[in-house]
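Open the model in your viewer and keep the sequence panel beside it, since each stop on this tour asks you to select something and then look at what is there.

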Amino acid sequence: MSIQSSEALEAARMNPERSLRTGQGSALRGILLNGALGAAKLAAGLLGHSYALVADAAESFADVMGSCVTLYGLKLAAEPADQTHPSGHGRAETIASAVTALVLIVVGGAIFWQATLSLSLPRHAPSPLTLLVLVPVILVKEWMFHWIRARGREIGSLAVVADAWHQRSDVVTSVAALTGIILAWAGGPTWSHADSWAAMLASLWLIGTGLWLLGPTLHELMEGSVDPALQEFIYETSRSCPGIEGIDKVWVRKLGMRLMVDMHVEVDPNLSVLEGHRLAHEVKAKLQRELPQVRDVMVHVEPYDPERPKRPYRLQKNRK
């Protein structure tokens with residue numbers, strides 16, 4: 001039976017060290033570039049009398065914090081298993097993703113609140129010179145979003161994907177600022193608060209994106225099911241080992257980018273304990289060869305019984 005590939009399956013086939021290097025490299029680039037862009041937007045916003053651009057600069061600095069959290073989470077996830085964390089530290093990467101999503105929500109709420117307060121204050125029309133900063137920022141940040149998201153999908157990292165959406169959030173706030181500045185500048189005193197309204201709209205998008213990113217993170221923290229193609233590959237790979245008559249159960253837990261597998265395999269009931277033990281180790285070794293991101297495999301050996309009722313998820317070898 002052919003198995004359809006998926007991003008999760010391809011990520012599980014990657015070398016763990018390479019995955020971590022890729023994730024850490026993308027986070028570091030995000031920190032450096034967002035810091036420079038945030039400083040440029042803050043200076044342009046203050047000098048050009050644009051509240052939306054100042055709010056946009058705050059979002060860029062939030063991106064720096066998000067990338068720092070991602071970098072630290074990936075570094076902690078790379079730590080080996082120890083007495084207090086026998087399954088490793090992979091969940092640090094998942095927690096980093098949750099923190100990044102929460103930062104988006106908090107920053108969005110803060111921008112909305114400050115923009116609301118600014119509506120009652122007298123405003124100067126923003127300077128059109130601020131557009132010279134915004135246009136290249138939008139282009140650079142959109143490129144960053146696509147580049148970092150591709151890296152995150154490649155290595156199967158929720159934290160890196162969340163960091164990419166932080167970059168896209170900066171694009172949205174920058175576009176909102178651009179629209180507000182143009183309206184305030186071209187519309188005269190009647191539209192003097194247009195960039196504040198633009199900042200409020202962008203903040204609502206930030207909050208929505210943060211809530212959306214929390215979904216897969218909470219799913220992983222609650223040990224939800226993994227991608228069906230990955231699950232099917234584990235079934236078929238285990239079943240193809242010589243001496244394995246069937247697969248009764250398989251549980252797969254995702255710990256950041258790493259996987260933990262717990263499975264029940266069925267063998268000839270007349271085999272010795274030693275032979276059953278050997279087959280269990282062969283299944284584990286084969287899975288870890290095929291999927292380097294599998295940290296550990298717990299194999300339970302059961303006697304094969306052709307008369308046992310089959311359950312929907314049960315996979316059996318065809319017996320002649």
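Before the stops begin, one definition is useful: two strands are said to pair if DSSP finds at least two bridges between them. Keep in mind as well that this is a predicted model.

**The whole chain**

Begin with the whole protein chain in a cartoon view, where the secondary structure comes to nine helices and four strands. Following the chain along its sequence, you should meet these elements in the pattern α-α-α-α-α-α-α-α-β-β-α-β-β. If you then colour the chain by accessibility, 49% of its 320 residues count as buried.

**The hairpin**

Next, select residues 246-255, which make up strand 1, together with residues 258-267, which make up strand 2. The two strands run antiparallel and are joined by nine bridges, and they form a hairpin with two residues between them. In the turn, select Gly256, whose phi is positive at about 70 degrees. To look at one bridge in particular, select Val250 and find its partner in strand 2, which is Met263. Is strand 1 mostly covered, or mostly open? Seven of its 10 residues are buried, and strand 1 is therefore described as mostly covered, given that buried means under 20% relative accessible area.

**Helix 2 against helix 5**

Now move to the helices. Two packed helices are described by the angle between their axes and the distance between the axes. Select helix 2 (residues 16-47) and helix 5 (residues 131-155), which pack at an angle of about 165 degrees with their axes 10 Å apart. Because of that angle, helix 2 is roughly antiparallel to helix 5, and the crossing in which helix 2 passes helix 5 is left-handed. If you show the side chains where these helices touch, the residues of the contact divide into 11 nonpolar, six polar and six charged.

While helix 2 is still selected, pick out Leu42, which has its place in this helix. Leu42 counts as partly exposed, because its relative accessibility is 31%. Ala57 is 15 residues away from Leu42 in sequence, and the C-alpha atoms of these two residues are 5.1 Å apart in space.

**The aromatic cluster**

A search of the whole structure finds three aromatic pairs, and this stop visits two of these pairs. Which kind of aromatic pair do Phe145 and Trp165 form? Their pair is edge-to-face, with 4.9 Å centre to centre and 65 degrees between the planes. It links distant parts of the chain, since Phe145 is in helix 5 and Trp165 is in helix 6 (residues 158-187), 20 residues apart.

Keep Trp165 selected and add Trp212, for these two residues also form an edge-to-face pair, at 4.9 Å centre to centre and with 75 degrees between the planes. Trp165 lies in helix 6 and Trp212 in helix 7 (residues 194-221), so the pair ties together parts that are 47 residues apart in sequence. Shown together, Phe145, Trp165 and Trp212 form one aromatic cluster.

Which members of this cluster are buried, and which are exposed? Phe145 counts as buried because its relative accessibility is 1%, and Trp165 is buried with a relative accessible area of 14%. Trp212, with a relative accessible area of 51%, is exposed, because the cut-off for exposed is over 50%.

**Helix 4 against helix 7**

Stay with helix 7 and add helix 4 (residues 91-118), whose axis comes within 8 Å of the axis of helix 7 and crosses it at roughly 160 degrees. Helix 4 and helix 7 are therefore roughly antiparallel to each other, and helix 4 passes helix 7 in a left-handed crossing. In the contact of helix 4 with helix 7, the residues divide into 18 nonpolar, 11 polar and three charged.

**Two last selections**

Select Glu223, in the loop between helix 7 and helix 8 (228-239). Its phi is near 60 degrees, a positive value in a residue other than glycine, and Glu223 counts as partly exposed because its relative accessibility is 42%.

Finish at Val69, found in helix 3 (residues 51-77), which counts as partly exposed because its relative accessibility is 22%. Measure from its C-alpha to that of Ala96, and the distance should be 5.8 Å, although Val69 and Ala96 are 27 residues apart in sequence.

Key: Residues numbered from 1 in each chain as written. Predicted model: local features only at pLDDT ≥ 70, side-chain atom pairs only at ≥ 80, totals over all residues. Heavy atoms only, no water. Buried < 20%, exposed > 50% of the residue type's maximum accessible area, 1.4 Å probe, protein only. Axes fitted to C-alpha atoms, helices over the stretch in contact; angles between N-to-C directions. Parallel < 35°, antiparallel > 145°, perpendicular 65-115°, else oblique. Left-handed = near helix turned anticlockwise from the far one by under 90°. Nonpolar A, V, L, I, M, F, W, Y, C, P; charged D, E, K, R; others polar. Phe/Tyr/Trp six-rings, centres within 6.5 Å; stacked < 30°, edge-to-face > 60°.
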